[in-house]
Amino acid sequence: MPELPEVETIRRALEPQLLGRRLAHIDVLERVHLLKNCTPEALQERLVGRRLTALGRRGKFLIFEFGPWAMVLHLRMSGRLLWTPARHTRLVLQFRDEEEQGRALYLDDARRFASLYLVRADQLDEQKPLKDLGLEPLTPAYTWAAFRRLLDSEREVKRLLLDQTRLAGLGNIYACEALFEAGVHPRKPARALSPEEARRLFEAIPRVLRRALRAGGTSFDRYRRPDGSIGRFQEEFRVYGRAGAPCPRCGAPIERITQGGRSSFFCPRCQPF
Ligand SMILES: [Zn+2]
């Protein structure tokens, strides 16, 4: 958390407010955990005074482009970008528009897992942290052929979906929900999926992500939109966090198992092994 729908929701909220504005000031209040490849001085020198020329996303990363330089931010467990200061502010970006009207953005991060990289904008695909990211589900690159190549693996399909170097943006919630939609058991080796199962999973992933985007993401923990409002997708969970509750399709109790140290929720009847 946050996963693709939450990060994209944040991106869409920030873009109309910040695009074209000049970065007037940057305040790094916590550098040790946050800054991965640069100093506060380098951020100052390369970004301050420049306009935000693009605000993109790749997987769970937000990409703030300031002309030739980009600031790449991963919110990890508890990071949030807010229009108002909060208790655990680690970074402040102060923007100004043509009329010198200010607009500040605050990174709040209680658990200090958020990470920030400074990268040349023309090298985003070749540099850390974006260079190893896999297939992007809501883009034209997400094709049936590419997805079939991704499934050519002995690994458990759920763990494969969480591997950001194979598929970018999915986390535990949306992997569980997509596998349920597709009727695929989370422990099934990816290569053992029938062509029908693979096809259903290929279609379920973007469908679940789009539904979550329409709900503004999932706010069952710390995730908030920049204005502080919550997402509503937790109200639409079919299996995630519902162990013991009846399957919305067949009524059988939802089961919980652990894979790679993380919980998987599934319906044993609708998702046969
Ligand atoms: Zn069921």
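**The aromatic cluster**

Select Tyr174, Phe233, Phe237, Tyr240 and Phe265 in this predicted model. Together these residues form one aromatic cluster. How many aromatic pairs does a search of the whole structure find? The search finds nine.

Begin with a pair from outside that cluster list: select tyrosine 142 and phenylalanine 202. Their rings are stacked, with 4.8 Å from centre to centre and 15 degrees between the planes. Now colour the chain by secondary structure. Tyrosine 142 belongs to the loop between strand E8 (115-120) and helix H3 (144-150), while phenylalanine 202 belongs to helix H6 (residues 195-214), so the pair ties together parts that are 60 residues apart in sequence. Are these two residues buried or exposed? Tyrosine 142 is buried, with a relative accessible area of 8%, and phenylalanine 202 is buried as well, at 10%.

Return next to the cluster and keep tyrosine 240 and phenylalanine 265 on screen. This aromatic pair is edge-to-face, with the centres 5.2 Å apart and 65 degrees between the planes. The two residues come from distant parts of the chain: tyrosine 240 lies in the loop between H6 and strand E9 (255-259), and phenylalanine 265 lies in strand E10 (residues 262-266), 25 residues apart. Both tyrosine 240 and phenylalanine 265 are buried. When viewing such arrangements, recall that a pair of aromatic rings is described by the distance of the centres and the angle of the planes.

**Charges over rings**

Select arginine 103 together with tryptophan 83. Arginine 103 lies over the face of tryptophan 83, at 3.9 Å from the ring centre. Then move to arginine 249 and phenylalanine 180. Here the charged end of arginine 249 is placed over the ring of phenylalanine 180, 4.5 Å from the ring's centre.

**The zinc site**

Select the zinc ion and show the side chains around it. Which residues are its protein donors? They are Cys247, Cys250, Cys267 and Cys270, each through its SG atom, at 2.2 to 2.4 Å from the ion. Why is the arrangement tetrahedral? The four donor atoms subtend angles of 101 to 113 degrees around the zinc ion, which makes it so. Along the sequence, the donor residues follow the spacing C-x2-C-x16-C-x2-C. Of these donors, consider cysteine 267 and cysteine 270: both are buried.

**The open sheet**

Select strands E2, E3, E4 and E8 and view them as a cartoon. These four strands form an open sheet in the order E2-E3-E4-E8, with antiparallel pairing. Strand E2 (54-58) and E8 are at the edges, each with a single partner strand, so one side of each has no neighbour in the sheet. From one strand to the next, the twist averages 25 degrees. Strands of a sheet pair through backbone hydrogen bonds, either parallel or antiparallel.

Follow the sheet from the E2 edge. E2 and E3 pair in the antiparallel sense over five bridges, and arginine 58 has phenylalanine 61 of E3 as its bridge partner. Step across to the next pairing: strand E3 (residues 61-66) and E4 run antiparallel and are joined by six bridges. Phenylalanine 66 has tryptophan 69 of E4 as its bridge partner. Select glycine 67, in the hairpin of E3 and E4, where two residues lie between the strands. Glycine 67 takes a positive phi near 60 degrees. Finally, six bridges join E4 to E8, again in an antiparallel arrangement, and methionine 71 has leucine 118 of E8 as its bridge partner.

**Inside strand E4**

Keep E4 (residues 69-74) selected and turn on its side chains. How many of its six residues are buried? Six of the six are buried, and the strand is mostly covered. Rotate the view to inspect the two faces. On one side are Trp69, Met71 and Leu73, and on the other are Ala70, Val72 and His74, all of them buried.

End this stop at histidine 74, which is found in strand E4. Its relative accessible area is 9%, and histidine 74 is therefore buried. Draw a distance from its C-alpha to that of tyrosine 117: the two residues are 43 residues apart in sequence and 8.9 Å apart in space.

**A last selection**

Select isoleucine 173, which is placed in helix H5 (residues 172-182). Isoleucine 173 is buried, with a relative accessible area of 1%. From C-alpha to C-alpha, isoleucine 173 and glutamine 44 are 37 Å apart in space, and they are 129 residues apart in sequence.

Notes: Residues numbered from 1 in each chain as written. Predicted model: local features only at pLDDT ≥ 70, side-chain atom pairs only at ≥ 80, totals over all residues. Heavy atoms only, no water. Phe/Tyr/Trp six-rings, centres within 6.5 Å; stacked < 30°, edge-to-face > 60°. Buried < 20%, exposed > 50% of the residue type's maximum accessible area, 1.4 Å probe, protein only. Lys NZ or Arg CZ within 6 Å of the ring centre and 35° of its normal. Donors = N, O, S within 2.8 Å, 3.2 Å for Na, K, Ca; no water. Tetrahedral: all angles 85-135°; square planar, octahedral: opposite > 155°, others 65-115°. Pairing = 2+ DSSP bridges. Axes fitted to C-alpha atoms, helices over the stretch in contact; angles between N-to-C directions.
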